[in-house]
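Open the model in your viewer and keep the selection panel at hand. The tour below goes from one selection to the next.

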Amino acid sequence: MRIISSFHVRKIVDEIVAVPTGEAAKKLSGIVSLNPVSKFLFEELRNEHTEQSLVSALMNEYAVDQCTAEADIKEFLDYLRSFNLLIE
């Protein structure tokens with residue numbers, strides 16, 4: 001799976017946001033606010049990943065146990081899926 005490609009990630013003052021453009025703007029009217037972990041996952045999803053490879057990447061980047069990583073990734077992917085922002 002990967003995220004649809006038409007997003008620009010920007011830091012505006014102290015907030016990290018993903019701004020949809022092109023096809024993404026048709027699916028989501030607004031911006032996606034990201035924390036540092038979701039920004040990392042968002043950037044990782046620019047390339048093809050499985051859910052398990054995202055878990056591994058998150059565990060390698062942050063000091064987080066597998067159970068927490070799996071729960072966080074599931075929640076983030078469910079959010080992206082709710083707006084049809086993933087190509088699976």
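A contact here means heavy atoms within 4.5 Å. This is a predicted model, in which local features need pLDDT of at least 70, side-chain atom pairs count only at pLDDT 80 or more, and totals for chains, interfaces and linings use all residues. Residues are numbered from 1 along each chain as its sequence is written, and side-chain values use heavy atoms, with hydrogens and water left out.

**Stop one: Phe42**

Select Phe42 and show its neighbours. Leaving aside residues up to four places away in sequence, Phe42 touches Ile3, Phe7, Val9, Ala18, Leu34 and Phe76.

Now widen the selection to the largest nonpolar core, which has 27 residues. Such a core is a set of buried Ala, Val, Leu, Ile, Met, Phe, Trp, Tyr and Cys residues joined through side-chain atoms within 4.5 Å. Buried means under 20% relative accessible area, exposed over 50%, and partly exposed in between (1.4 Å probe, protein chains only). Phe7, Leu34, Phe42 and Leu45 have the most contacts inside this core. Two or more residues each come from strands S2 (7-12), S3 (15-20) and S4 (32-34), and from helices H2 (36-44), H3 (51-61) and H4 (66-82). H4 gives the most, with five residues. Helices (H or I, at least four residues) and strands (E, at least two) are DSSP runs, numbered from the N terminus.

**Stop two: helix H2**

Select H2 next. Which of its residues are buried? They are Ser38, Phe40, Leu41 and Phe42. Their cover includes strand S1 (2-3), S2, S3, S4, H3 and H4. At the start of H2, look for a side-chain oxygen of Asn35, which reaches to within 3.0 Å of the backbone nitrogen of Val37.

**Stop three: charged side chains**

Move to helix H4 and select Asp78 and Lys74, which lie there four residues apart, about one turn of the helix. Their side chains meet in a salt bridge at 2.7 Å, N to O. The term requires a side-chain nitrogen of Lys or Arg within 4 Å of a carboxyl oxygen of Asp or Glu. Asp78 is partly exposed at 33% relative accessibility, as is Lys74 at 46%.

Add Arg81, whose side chain meets that of Asp78 in a salt bridge at 3.6 Å, N to O. Arg81 is partly exposed, at 28%.

Finally, add Glu88, which is exposed at 65%. Glu88 forms a salt bridge with Arg81, with the closest N and O atoms 2.9 Å apart. Lys74, Asp78, Arg81 and Glu88 are thus linked in a network of salt bridges; a search of the whole structure finds four salt bridges.

Key:
A polar contact is a pair of N or O atoms within 3.5 Å; within protein, one must be able to donate a hydrogen and the other to accept it, and residues adjacent in sequence count only if both atoms are side-chain atoms.
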